[in-house]
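Q: I'm new to this structure and would like a close look at a single part. Could you walk me through one residue and what surrounds it, and then work outward from there?

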Amino acid sequence: MPELKLVSKNFEYDDQPDIKSAMSRGAYQQWKRVLSEKIPPEDIIEEVKTAKLRGQGGAGFPAGVKWGFVPKDSPKPKYLCVNADEGEPGTFKDRALLEKDPHQLLEGIAITCYAVGIHTAFIYMRGEFYEPQRIVQDAIDQAKKEGLLGENISGSGFNLEVIIHMGAGAYICGEETALLNSLEGGKGWPRLKPPFPALVGAFNCPTVINNVETISGVPHILRMGGEEFAKIGTEKDGGTKLFGVSGHAAKPGLYELPMGTSLKELIYDHAGGVRDGKGLKAVIPGGSSTPILKPDELDIPLEFEAMMDAGTMLGSGAAVVLDETVSIPQVFMVMSRFYAHESCGQCTPCREGCTWVYKTAKKIAEGNGQPSDLDLILDIAPMFNGTTVCPLGAALAAPAVAMVEKFRDEFLKLMKN
Amino acid sequence: MRTLSDSTRQQAQALMEMYPTKEAAMLPVLHLAQKEFGLIDDEAEQVVAEVMGISPVSVRETSRFYFMYHHHPVGKYHLQVCQNISCTIMGAETILDHIKRRLGIEAEERTEDGLFSVERVECIACCDRGPAMLVNDKLHTGLTPDKIDGIIKESDPERKLDHMQSEGNKE
Ligand SMILES: Cc1cc2nc3c(=O)[nH]c(=O)nc-3n(C[C@H](O)[C@H](O)[C@H](O)COP(=O)(O)O)c2cc1C
Ligand code: SF4
Ligand code: FES
């Protein structure tokens, strides 16, 4: 399938962060229409459900359904938290959305808040996003000046404050409840669910948490209509997704494609296959938490369910291409180091398990492993299931098992006997 | 004991009023304090606690959880080299080795003159342009040994680079 650009439509224009230029290309038209036509908030939520917009932060939960969980007449204030923590290794799409089209995100935030009855939105941005912060803050200031955010927007009586909250370097704060604790000024420890944030979220108030890409898609749903948007994708996944390709691809970068495009097409037709005429060893399809695939396993539609059926996950849609020169035990070591480093330490199985896997991986990569180490890793892996507060440990276990099972020979070659 | 400048105190005050609870201003206030003090050590934690009217223990609990708050001094130029998968397979280790050799320090160390420090960091979300690193708040991508030399030279024009062996020169 050819590229189909919705959220990345204006990435080619350098002046898109300027509100006048963005508006000349249609920015805020849907937001203005919502206000001038006084579209009922419930209708917007219905439209987003019809569009089959799924959460783009990794879990794929339907956005409209999530918004529907928020109580309509809550005596407490409600909040939106836009998840701009983008920490999943391999993923770089939200940075682009923030830097290249901040007004699209702000328009999506405005419409979302109107639909759910929210007057304060936080953009939780990872601390290392210095440039995105500058660009988005500037965009917020411009939008306020134009009367598109702030008090009594366009005379509608609707108020909306948008606040950027910078994190401070902790991958776990991308997990939505850790994000809430971090927003509230604490350490980023995930919370037990239930209660879900839609009922008890930020500051104990009902809260919607959505990824940057999810929210950036909202204006397009209003522009096209939910039905048209849904038609682009597959039966369950509406619209497009921004896929990122990194590693040894001939043309690394972002490609916006209809949901359901095959992974093989993404790698070969769009990203140009492997660079320098080398052979392909493997692909990590959706960020480092997703199980690795061998070259003959790539013919899978990029949609949430089909990827699960294939034993992996769509994740954040960030594919890493590994050519034939790559050492899988080395990649395994780097990957497990990450999870061992980023475990928040709250649950013993995750804290100990990730460190254990990393130590074993390091030993193997340095040539000191034994075949029994591989069995140890396979034994540890199921111990994360259902024993921890959040899925971080499981996010290491599944890809660890896949690497060991699919590349056992390569691991064994590194061992002495 | 150190104190925060009046303007930083005012910014901290404004932040505490902006959020639904004053505690929520903790991360941004710690960022402000780090900007002013260069690090968040015990004394900086005390100052933040006093300014925010929060117990020092709570401030400490938060500040020690996050990797971006430095508890030891870092260099004027703090090199944060991505060590995650995409950058690694594009040569991040070679880049790190080159930096270490050029500066004569190991990762997580600072040069004696206090100008440079090096740290390994996890993915910084520009994986299609690796190897990548941040120098303070500036992102550098597509790193090569030559680019590293350029960045070091630009930061410290006096620095002699040619007396040290590096991978880049050996080839
Ligand atoms: C360990 C961990 C890290 C996560 N990191 C991110 C992240 O960086 N960005 C993000 O949008 N979602 C991340 N998520 C998913 C969020 O918990 C949550 O599902 C998402 O923000 C919801 O938004 P969406 O429905 O629009 O995807 C992470 C989840 C886990 C378990
Ligand atoms: S599973 Fe790991 S990261 Fe998640 S809460 Fe437990 S210790 Fe923290
Ligand atoms: S792996 Fe280095 S920026 Fe993502």
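What follows starts from one tryptophan, Trp189(A), and moves outward to the chain contact, the ligand and some charged pairs.

A: Before we start, keep in mind that this is a predicted model. Let's begin with the tryptophan itself. Trp189(A) sits in a loop of chain A, the one between α8 (176-183) and β4 (207-211). Is Trp189(A) buried or exposed? Neither, really: with a relative accessible area of 29%, Trp189(A) is partly exposed, because buried would mean under 20% and exposed over 50%.

Now for the company it keeps. Setting aside residues up to four places away in sequence, Trp189(A) touches Thr177(A), Ala178(A), Asn181(A), Cys344(A) and Gln346(A), plus Phe65(B) from the other chain. To get a feel for distances, try Ala51(A): Trp189(A) and Ala51(A) are 138 residues apart in sequence, and their C-alpha atoms are 33 Å apart in space.

That touch with Phe65(B) takes us to the contact between the chains. The contact draws 58 residues from chain A and 37 residues from chain B. Put together, the two chains bury about 3600 Å² between them, and carbon and sulfur atoms give 64% of that. Phe65(B) turns up again here: on the chain B side, Phe65(B), Met68(B) and Ile85(B) lose the most area to chain A, together 17% of what that side buries.

There's a charged side to this contact too. Between chain B and chain A the count is two salt bridges. Lys187(A) and Glu61(B) meet in a salt bridge through their side chains, at 3.5 Å from N to O. The chains also share 16 residue pairs in polar contact, counting pairs with both residues at pLDDT 80 or more. Which elements of chain B give two or more residues to the side that touches chain A? They are α2 (26-37), α4 (56-65) and α5 (85-89). Sorted by class, that side of chain B has 22 nonpolar, eight polar and seven charged residues.

Go back to the tryptophan's neighbours for a moment, and you'll find a route to a ligand. Cys344(A) and Gln346(A), which Trp189(A) touches, are both among the residues around ligand 2. Others in that shell include Ile172(A), Pro190(A), Ser343(A), Cys347(A), Cys350(A), Cys390(A) and Leu392(A). By class, the shell around ligand 2 divides into eight nonpolar, four polar and no charged residues.

While we're in chain A, here's another loop residue to set beside the tryptophan. Thr290(A) is in the loop between β7 (280-284) and α12 (304-309). Thr290(A) has a relative accessible area of 2%, so it is buried. A polar atom of the Thr290(A) side chain lies 2.9 Å from the backbone nitrogen of Gly286(A). Beyond its neighbours within four places in sequence, Thr290(A) is in contact with Ile284(A), Pro285(A), Thr312(A), Met313(A), Gly315(A) and Pro399(A).

Chain B has a buried residue worth a glance as well. His78(B) lies in strand β1 (residues 77-82) of chain B, and at 5% relative accessibility it counts as buried. Its side chain makes a polar contact of 2.7 Å with the side chain of Ser117(B). Outside four places in sequence, the residues in contact with His78(B) include His70(B), Glu119(B) and Leu134(B).

Finally, back to charged pairs. Side chains of opposite charge can pair when their charged atoms come close. Over all chains, the count comes to 40 salt bridges. One of them joins Lys144(A) and Glu161(A), with the closest N and O atoms 2.9 Å apart. Lys144(A) is in helix α7 (residues 130-145) and Glu161(A) in strand β3 (residues 161-166), so this pair ties together parts that are 17 residues apart in sequence. Lys144(A) is partly exposed at 36% relative accessibility, and Glu161(A) is partly exposed at 29%.

Another salt bridge pairs the side chains of Lys363(A) and Asp373(A), at 3.3 Å from N to O. This one links helix α14 (residues 348-365) to helix α15 (residues 371-380), with the two residues ten apart. Here the partners contrast: Lys363(A) is partly exposed at 33%, whereas Asp373(A) is buried at 6%. Elsewhere in chain A, salt bridges with shared partners join Lys93(A), Asp94(A), Glu213(A) and Lys241(A) into one network.

How values were computed
Residues are numbered from 1 along each chain as its sequence is written. Chains are lettered from A and ligands numbered from 1 in the order in which they are written. This is a predicted model: local features need pLDDT of at least 70, side-chain atom pairs count only at pLDDT 80 or more; totals for chains, interfaces and linings use all residues. Side-chain values use heavy atoms; hydrogens and water are left out. Helices (H or I, at least four residues) and strands (E, at least two) are DSSP runs, numbered from the N terminus. Buried means under 20% relative accessible area, exposed over 50%, partly exposed in between (1.4 Å probe, protein chains only). Contact means heavy atoms within 4.5 Å. Buried area is the accessible area (1.4 Å probe) that two parts lose on being put together, summed over both. A salt bridge is a side-chain nitrogen of Lys or Arg within 4 Å of a carboxyl oxygen of Asp or Glu. A polar contact is a pair of N or O atoms within 3.5 Å; within protein, one must be able to donate a hydrogen and the other to accept it, and residues adjacent in sequence count only if both atoms are side-chain atoms. Ala, Val, Leu, Ile, Met, Phe, Trp, Tyr, Cys and Pro count as nonpolar, Asp, Glu, Lys and Arg as charged, and the others, Gly among them, as polar. A residue is near a molecule or strand if one of its heavy atoms lies within 4 Å of it.
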